[in-house]
Amino acid sequence: SESASRAVVGVALEHEGGFVDLAASHGVPATRLGETGGPRVVFAGSFETTVADLREIHETAIPALLGEGV
């Protein structure tokens, strides 16, 4: 794809302001998506799920696409 790249970055709450300032100083837009803590991940009113479910998706996605048993 020729579209712009995006990344999800985890930043400790006490460093959020510094991260936003750093991104801005390099002309990189930064948007707060949500927060994590404990066994759940909440994406700012969009959805929430468990860390365990996200881990499983992350660890099995490529093997599943390649037809490997997981």
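User: Over how many bridges do strand 2 and strand 3 pair in the antiparallel sense?
Analyst: This is a predicted model, with residues numbered from 1 along each chain as its sequence is written. Local features need pLDDT of at least 70 and side-chain atom pairs pLDDT 80 or more, while totals for chains, interfaces and linings use all residues; side-chain values use heavy atoms, without hydrogens and water. Strands (E, at least two residues) and helices (H or I, at least four) are DSSP runs numbered from the N terminus, and two strands pair if DSSP finds at least two bridges between them. Strand 2 and strand 3 meet this criterion in the antiparallel sense, and their number of bridges is four.

User: Over how many bridges do strand 1 and strand 2 pair?
Analyst: The partner of T36 in strand 2 is V41, which places these two residues at one of the bridges. The sense of the pairing between strand 1 and strand 2 is antiparallel, and the number of bridges is three.

User: Which residue of strand 3 is the bridge partner of V41?
Analyst: V41 is already the strand 2 partner of T36. Towards strand 3, the bridge from V41 leads to T49.

User: What is the strand order of the open sheet, and which strands stand at its edges?
Analyst: The sheet is open, has three strands with antiparallel pairing, and follows the order 1-2-3. An edge strand has a single partner, so one of its sides is left without a neighbour in the sheet; this applies to strand 1 and strand 3 (47-50).

User: What is the average twist from one strand to the next?
Analyst: The twist concerns the open sheet of three strands in the order 1-2-3. Going from one strand to the next, the twist averages 15°.

User: Which residue takes a positive phi in the hairpin of strand 1 and strand 2?
Analyst: This hairpin has two residues between its strands. The positive phi is near 70°, and the residue that takes it is G38.

User: Which residue takes a positive phi in the hairpin of strand 2 and strand 3?
Analyst: Here three residues lie between the strands. The phi value is near 80°, and it belongs to G45.

User: Is T49 buried or exposed?
Analyst: T49 is placed in strand 3. Contact means heavy atoms within 4.5 Å, and, leaving aside neighbours within four places in sequence, T49 is in contact with P39, R40, V41 and L54. Relative accessible area under 20% means buried, over 50% exposed and in between partly exposed (1.4 Å probe, protein chains only). The relative accessibility of T49 is 16%, so T49 counts as buried.

User: At about what angle does helix 2 run to strand 3?
Analyst: Helix 2 comprises residues 51-65 and lies across strand 2 and strand 3. Axes are lines fitted to C-alpha atoms, for helices over the stretch in contact, and angles run from 0 to 180 degrees between N-to-C directions. On this basis, the angle of helix 2 to strand 3 is about 80°.

User: What separates the C-alpha atoms of A61 and L33?
Analyst: A61 has its place in helix 2. Its relative accessible area is 33%, so A61 is partly exposed. L33 is 28 residues away from A61 along the chain, and their C-alpha atoms are separated by 23 Å.

User: How far apart in space are A30 and V20, C-alpha to C-alpha?
Analyst: A30 belongs to the loop between helix 1 and strand 1, and its relative accessible area of 37% makes this residue partly exposed. Apart from neighbours within four places in sequence, A30 is in contact with F19 and A23. A30 and V20 are 10 residues apart in sequence, and their C-alpha separation is 6.2 Å.

User: What distance separates the C-alpha atoms of G17 and P29?
Analyst: G17 is part of helix 1, and with 40% relative accessibility this glycine counts as partly exposed. G17 and P29 are 12 residues apart along the chain, and the distance between their C-alpha atoms is 13 Å.
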